[in-house]
Amino acid sequence: MLIQLVNIKVQEGTRETFLEAFTLNCEGTRKEPGNIRFDLLHDPEDENNFFVYEIFESDAALEDHRATEHYQTCVKMIDPITLGGRSKTYFTPVLIQDHAAA
(Lines give C-alpha, C1' and ligand atoms only; values in the text may rest on other atoms or scores of the structure.)
Protein backbone atom coordinates (compact mmCIF):
# COMPACT_ATOMS: atom_id res chain seq x y z
CA MET A 1 0.00 0.00 0.00
CA LEU A 2 1.27 3.47 -0.87
CA ILE A 3 -0.05 6.51 1.00
CA GLN A 4 0.99 10.04 0.14
CA LEU A 5 -0.05 13.58 0.91
CA VAL A 6 0.68 16.05 -1.86
CA ASN A 7 0.73 19.78 -1.12
CA ILE A 8 -0.02 22.18 -3.97
CA LYS A 9 -0.27 25.95 -3.55
CA VAL A 10 -1.67 27.94 -6.47
CA GLN A 11 -1.41 31.58 -7.48
CA GLU A 12 -4.05 34.02 -6.28
CA GLY A 13 -6.94 34.14 -8.75
CA THR A 14 -6.32 30.65 -10.20
CA ARG A 15 -8.37 28.57 -7.75
CA GLU A 16 -11.16 27.84 -10.26
CA THR A 17 -8.69 26.64 -12.91
CA PHE A 18 -7.07 24.40 -10.33
CA LEU A 19 -10.43 22.97 -9.24
CA GLU A 20 -11.41 22.31 -12.87
CA ALA A 21 -8.15 20.42 -13.46
CA PHE A 22 -8.41 18.45 -10.24
CA THR A 23 -12.03 17.53 -10.80
CA LEU A 24 -10.92 15.77 -14.00
CA ASN A 25 -8.09 14.10 -12.14
CA CYS A 26 -10.24 13.01 -9.19
CA GLU A 27 -12.99 11.58 -11.36
CA GLY A 28 -10.51 9.60 -13.45
CA THR A 29 -8.31 8.46 -10.59
CA ARG A 30 -11.20 7.12 -8.52
CA LYS A 31 -12.01 4.74 -11.40
CA GLU A 32 -8.47 3.34 -11.60
CA PRO A 33 -8.22 -0.28 -10.42
CA GLY A 34 -5.17 0.44 -8.23
CA ASN A 35 -6.64 3.49 -6.47
CA ILE A 36 -8.04 3.07 -2.97
CA ARG A 37 -8.61 6.72 -2.01
CA PHE A 38 -8.13 10.10 -3.68
CA ASP A 39 -9.31 13.20 -1.80
CA LEU A 40 -8.71 16.90 -2.46
CA LEU A 41 -8.61 19.15 0.61
CA HIS A 42 -7.78 22.80 1.16
CA ASP A 43 -6.26 24.71 4.02
CA PRO A 44 -9.09 26.50 5.88
CA GLU A 45 -6.78 29.48 6.39
CA ASP A 46 -5.66 29.69 2.75
CA GLU A 47 -8.12 28.76 -0.01
CA ASN A 48 -5.25 28.56 -2.51
CA ASN A 49 -3.33 25.91 -0.57
CA PHE A 50 -4.46 22.36 -1.40
CA PHE A 51 -3.63 18.87 -0.22
CA VAL A 52 -4.28 15.63 -2.06
CA TYR A 53 -4.63 12.56 0.14
CA GLU A 54 -3.90 9.51 -2.00
CA ILE A 55 -3.85 5.79 -1.31
CA PHE A 56 -2.82 3.35 -4.01
CA GLU A 57 -2.47 -0.43 -3.81
CA SER A 58 1.21 -0.27 -4.74
CA ASP A 59 4.04 1.76 -6.24
CA ALA A 60 3.12 0.23 -9.59
CA ALA A 61 -0.48 1.49 -9.27
CA LEU A 62 0.84 5.01 -8.63
CA GLU A 63 3.10 4.76 -11.69
CA ASP A 64 0.11 3.58 -13.76
CA HIS A 65 -1.84 6.60 -12.45
CA ARG A 66 0.90 8.98 -13.56
CA ALA A 67 0.63 7.59 -17.11
CA THR A 68 -3.13 8.27 -17.43
CA GLU A 69 -4.58 10.95 -19.66
CA HIS A 70 -6.51 12.59 -16.80
CA TYR A 71 -3.34 12.92 -14.70
CA GLN A 72 -1.30 14.29 -17.62
CA THR A 73 -4.06 16.80 -18.46
CA CYS A 74 -4.26 17.92 -14.84
CA VAL A 75 -0.50 18.44 -14.60
CA LYS A 76 -0.46 20.50 -17.81
CA MET A 77 -3.26 22.70 -16.45
CA ILE A 78 -1.82 23.24 -12.96
CA ASP A 79 1.93 23.52 -13.62
CA PRO A 80 1.68 27.14 -14.86
CA ILE A 81 -0.36 28.23 -11.81
CA THR A 82 1.45 26.31 -9.07
CA LEU A 83 3.67 28.16 -6.60
CA GLY A 84 6.77 26.20 -5.64
CA GLY A 85 5.83 22.96 -7.36
CA ARG A 86 4.27 19.98 -5.57
CA SER A 87 5.65 18.58 -2.34
CA LYS A 88 4.98 14.96 -1.39
CA THR A 89 5.08 13.21 1.96
CA TYR A 90 4.83 9.43 2.10
CA PHE A 91 3.26 7.52 5.00
CA THR A 92 3.18 3.99 6.37
CA PRO A 93 -0.21 2.86 7.67
CA VAL A 94 -0.47 2.17 11.39
CA LEU A 95 -4.14 2.32 12.42
CA ILE A 96 -6.34 2.88 9.40
CA GLN A 97 -9.98 2.19 8.68
CA ASP A 98 -10.51 -0.10 5.73
CA HIS A 99 -13.96 0.58 4.29
CA ALA A 100 -13.47 -2.02 1.59
CA ALA A 101 -13.31 -4.80 4.19
CA ALA A 102 -16.38 -3.56 6.09
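How much area does the protein chain expose, and what share of it do carbon and sulfur atoms supply? The exposed area is about 6400 Å², of which carbon and sulfur atoms supply 52%; accessible areas follow the Shrake-Rupley method with a 1.4 Å probe, and for residues only the protein chains shown count as cover. The model is predicted, so that local features need pLDDT of at least 70 and side-chain atom pairs count only at pLDDT 80 or more, whereas totals for chains, interfaces and linings use all residues. Residues are numbered from 1 along each chain as its sequence is written, and side-chain values use heavy atoms, with hydrogens and water left out.

**View 1. Order of elements in the protein chain.** From the N terminus, the elements run β-α-β-β-α-α-β. Helices (H or I, at least four residues) and strands (E, at least two) are DSSP runs, numbered from the N terminus.

**View 2. The annotated span.** The unreviewed UniProt entry places "domain: ABM" at residues 2-91; such annotations may be inferred rather than shown by experiment. This span is 37% helix and 43% strand, and its end C-alpha atoms lie 7 Å apart.

**View 3. Methionine 1.** Methionine 1 belongs to the segment before strand E1 (2-10). Its relative accessible area is 52%, and it is therefore classed as exposed (over 50%; buried is under 20%, partly exposed in between; 1.4 Å probe, protein chains only).

**View 4. Long-range contacts.** Among contacts in the protein chain with a separation of 6 or more, 68% come from residues 24 or more positions apart. Contact means heavy atoms within 4.5 Å.
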